[in-house]
Amino acid sequence: MRVACCLVPDLPLAAQLRAEPELAGLPLVLASGTGPRAEIIGVSPEAARRGVRRRGSVAHARTLCSELRVRALSPALEQTARDALLDAALGCAPRAMLAPRASGAYAAEAAVLLDASGVTPLFRSEAGFAAALAARAGALGLPGCVAIASSRCVAHLAARRLAGAAGEVCVLPPGSESAWLAPLPIDLLGPDDALAETLSGLGVRTLRDLLRLPRRALGARLGPPVLRLVALARGEEPDLPLPVPEPSSLFEAIDLEFAVERLEALGFLLQGLLSRLLARLEARRLACGELGLVLSLEGGGRDARRIGLAAPTLDLRVLVRLVCASLEARPPSAAVVAAALETEGRPLALDQLDLFRPAGPAPAALGRTLAELAALSGRERVGAPEVADDHRPDAFGLTPFLPSNRGCASRVEDQAHVLAVRALRPPVAAEVRTQHGRPEWIRSAVASGRVVQIAGPWRTTGGWWSREQRFAYDYFDVQTSDGSLARLRFDHLERRWQIDGVYD
Amino acid sequence: MVPPPSAPGSPADRRVAELLRELGPQLRLGGLPAEALARCPTGIPELDRLLGGGFPRGRLTEIAGPGSCGRTSLALALLSQATRAGEVVAVADGADAFDPASAQAAGVVLERVLWMRARQPREALRGAERLLEARGFAVVLLDLGAPGPRVAAASWLRLAQAAAATSTALVVLSLARAAGAAAELALELAPLRACFTGTPALLEAFDTEIALVRRRAGPAARAVSVRLRGQPAA
């Protein structure tokens with residue numbers, strides 16, 4: 001089996017630069033907080049060149065570098081960057097996994113291991129595959145180096161060896177691993193501090209030095225950790241097949257250093273989150289499905305909402321508009337201190353046009369429009385109309401708008417043109433003077449005057465089994481002297497006259 | 001360079017020819033040939049003939065008239081033809097007056113209608129803009145209700161421009177003409193008579209007069225009379 005390892009040597013720093021690309025090239029430190037006494041955890045090369053070191057205080061670092069940028073370490077950013085690294089790998093190979101978190105000197109690194117068997121026909125060579133993987137990780141804002149070897153541990157060690165040279169690749173041909181490993185420094189295996197000191201005391205500097213020592217005697221004196229190092233140095237780590245990851249939702253989050261109140265600023269921040277989410281989806285050749293937005297609010301509140309899409313999309317502009325429309329329709333109740341976006345990747349829907357049917361709106365555009373209309377008027381007021389299965393003449397329903405070919409005649413036939421009703425919602429109250437139970441004069445906001453022509457009554461009753469639903473109406477079609485043609489009804493339960501529609 | 005037209009006999013024509021000579025050869029009588037627009041027919045032969053085949057796509061058309069004049073019936077006839085031809089239509093309903101039962105009786109395929117029940121006419125206006133941006137709708141019907149809101153001329157121009165970028169027929173229903181010069185066509189309806197016949201009496205038919213009061217390219221001020229059938233009793 002051939003295994004590739006893509007390694008990002010300083011993940012917290014890379015995650016921060018991924019979220020704020022404008023900081024690239026500037027002296028930057030990551031600290032445990034934003035105060036002057038906060039401990040420095042990560043240092044960018046630019047800051048390191050000015051003498052800033054880890055474990056110092058922010059106040060001291062500022063004395064060394066006046067233009068220093070300080071950011072608080074964000075576990076959320078780090079986690080999303082780690083997931084993005086896995087996405088980059090899954091864009092190249094179906095079997096991939098994140099390497100277990102290392103400790104000691106390599107605690108800041110993140111590595112992903114992926115199956116590189118049989119990639120030559122696709123990428124011309126293993127080096128081509130490694131370069132493609134490095135480019136894909138770089139496109140997601142995670143500059144890393146890639147090594148390919150015959151086992152996970154050797155590939156990981158080789159990638160570690162390259163660390164610091166982003167974009168570099170290294171391919172170890174099968175059978176050459178032992179010779180390649182021998183001169184490497186023992187620190188590359190990441191022994192804990194005590195073991196490293198002991199081995200140094202024994203004069204062990206390289207892997208070759210370690211392998212020269214008797215294994216049994218080493219085990220008896222220094223215990224299982226040294227045996228693990230020996231196995232690593234020999235390239236004997238048991239290699240199980242790499243797994244195919246379970247499909248999971250993609251998550252992007254950001255912790256804000258200042259609470260954001262204005263929707264415009266929040267929209268700008270969410271645009272950054274969305275663009276990173278889309279880049280990850282694109283790397284996995286997926287599109288964005290329904291979005292889940294969770295906003296952490298000042299004071300401990302939480303605002304969670306779902307933003308539906310009619311069709312999966314990778315259009316950033318569309319998604320930003322949908323998110324902004326949702327926020328405008330229902331603004332958060334307090335200032336926002338953290339935001340997280342989640343989506344499940346969906347295969348990108350392709351528009352299948354029909355030879356015999358006119359093309360309607362594109363699914364992505366329709367999804368955006370539906371969301372915008374819902375933001376304007378409310379989700380319950382947008383959809384396809386339907387005639388309700390009810391005896392009330394004014395009953396109707398709304399269903400989700402999913403245009404289909406059903407009900408479409410292949411040929412438009414001639415049809416008599418009917419006089420339509422304009423519904424009045426709610427019905428308009430009318431004062432009616434009757435003679436022998438039939439309306440004679442009407443006064444209302446929509447039709448007034450003497451009744452010049454009339455048809456009816458038609459009695460309609462129903463819902464008798466429920467106090468809330470029962471109804472009993474006498475309907476009349478009336479034309480009044482002002483020219484109005486109205487649908488008048490007498491409500492037997494409420495003992496009142498109403499106009500619930502006008503013929504137009 | 002186009003020479004000015006030769007002076008025909010009438011004094012007015014001679015005066016026009018004189019003016020053209022004075023203003024220079026850059027000006028000439030006439031204009032660009034009328035653009036052949038795709039049309040959405042209503043299925044009402046008299047009206048389609050009047051409109052030159054139906055409502056123009058990519059243009060704004062107004063239908064105005066008092067209550068009970070038949071404008072909603074006309075709009076439903078248009079929606080019916082479009083949806084039965086397999087197209088998708090939208091209704092930005094500023095009056096919340098769309099009646100699904102009437103639409104179904106008129107032959108509208110309700111599945112292919114996107115209905116936005118706006119809470120107020122201004123919402124419907126914004127909704128119509130969004131619907132035009134989506135493209136792909138054959139007809140966007142904007143119902144401003146009664147009385148319609150006062151809409152700035154700039155808004156009508158924006159709507160007309162949005163429609164021009166699509167192949168959508170934008171149709172505006174209102175009590176009185178509002179879109180002015182932004183409209184390609186304007187129809188004004190006037191009720192003629194309602195026929196209640198039979199024993200017991202039924203609203204059998206309704207006659208209305210449809211006048212083409214504005215046409216951007218070509219003559220207007222023509223009218224036809226249309227008969228609409230009453231719906232079955234409630």
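The following paragraphs describe the fold of chain A, its contact with chain B and a sheet built from both chains, as seen in a predicted model.

Chain A comprises 15 helices and 20 strands. Of its 504 residues, 41% count as buried. Among the contacts in chain A with a separation of 6 or more, 61% are between residues 24 or more positions apart. The largest nonpolar core holds 213 residues, and the members that touch the most others are Ala4(A), Cys6(A), Leu85(A), Ala89(A) and Val139(B). Beyond its neighbours within four places in sequence, Leu85(A) contacts Cys6(A), Val8(A), Ala110(A), Val112(A), Ala137(A) and Leu142(A).

Helix H12 of chain A spans residues 224-234, and its buried residues are Val226(A), Leu229(A), Leu232(A) and Ala233(A). These four lie on the same side of H12(A), because the arc they cover around the axis is only 115°. An α-helix has 3.6 residues a turn, so residues three or four places apart point the same way. The cover over the buried residues of H12(A) includes helices H7 (152-162), H8 (177-181), H9 (193-201), H10 (207-212) and H11 (215-222) of chain A. Immediately after H12(A), Gly235(A) adopts a positive phi of about 70°.

The packing of H11(A) against H12(A) can be described further. Their axes cross at roughly 145° and come within 7 Å. On the side of H11(A), the residues involved are Arg215(A), Leu218(A), Gly219(A) and Leu222(A), which meet Pro225(A), Val226(A), Leu227(A) and Val230(A) of H12(A). By class, this contact consists of 6 nonpolar residues, 1 polar and 1 charged. Val226(A) thus appears both among the buried residues of H12(A) and in the contact with H11(A).

The contact between the two chains takes 58 residues from chain A and 65 residues from chain B. On the side of chain A, two or more residues each come from helix H15 (363-377) and from strands E13 (382-386), E15 (421-435), E17 (449-462), E18 (471-480) and E20 (496-503). H15(A) gives the largest share, 7 residues. The side of chain A that touches chain B divides into 34 nonpolar, 14 polar and 10 charged residues.

Strand pairing also links the chains. E13(A) runs antiparallel to strand E5 (residues 113-117) of chain B and is joined to it by 2 bridges. In this pairing, Val382(A) stands opposite Met116(B). The two strands belong to an open sheet of 10 strands with mixed pairing, in the order E14(A)-E13(A)-E5(B)-E4(B)-E6(B)-E7(B)-E3(B)-E8(B)-E9(B)-E10(B). Strand E14 (397-399) of chain A and strand E10 (222-229) of chain B are the edge strands, each pairing on one side only. From one strand to the next, the twist averages 30°.

At the chain B edge, strand E9 (residues 202-215) of chain B pairs with E10(B) in the antiparallel sense over 8 bridges. Ala211(B) has Ala223(B) in E10(B) as its bridge partner. Helices from both chains pack on the sheet. H15(A) touches E13 of chain A and E5 of chain B, with a direction at about 90° to that of E13(A). Helix H5 (residues 121-134) of chain B touches strands E4 (89-93), E5, E6 (139-143) and E7 (169-174) of chain B, and its direction makes about 175° with that of E6(B).

Notes: Residues are numbered from 1 along each chain as its sequence is written. Chains are lettered from A and ligands numbered from 1 in the order in which they are written. This is a predicted model: local features need pLDDT of at least 70, side-chain atom pairs count only at pLDDT 80 or more; totals for chains, interfaces and linings use all residues. A residue is buried if 20 or more other C-beta atoms lie within 10 Å of its own, exposed if 12 or fewer, and partly exposed in between; C-beta atoms are placed from the backbone. Two residues are in contact if their C-beta atoms, placed from the backbone, lie within 7 Å. The arc is that of the directions from the helix axis to the C-beta atoms. A nonpolar core is a set of buried Ala, Val, Leu, Ile, Met, Phe, Trp, Tyr and Cys residues joined through C-beta atoms within 7 Å. Axes are lines fitted to C-alpha atoms, for helices over the stretch in contact, and angles run from 0 to 180 degrees between N-to-C directions. Ala, Val, Leu, Ile, Met, Phe, Trp, Tyr, Cys and Pro count as nonpolar, Asp, Glu, Lys and Arg as charged, and the others, Gly among them, as polar. Two strands pair if DSSP finds at least two bridges between them.
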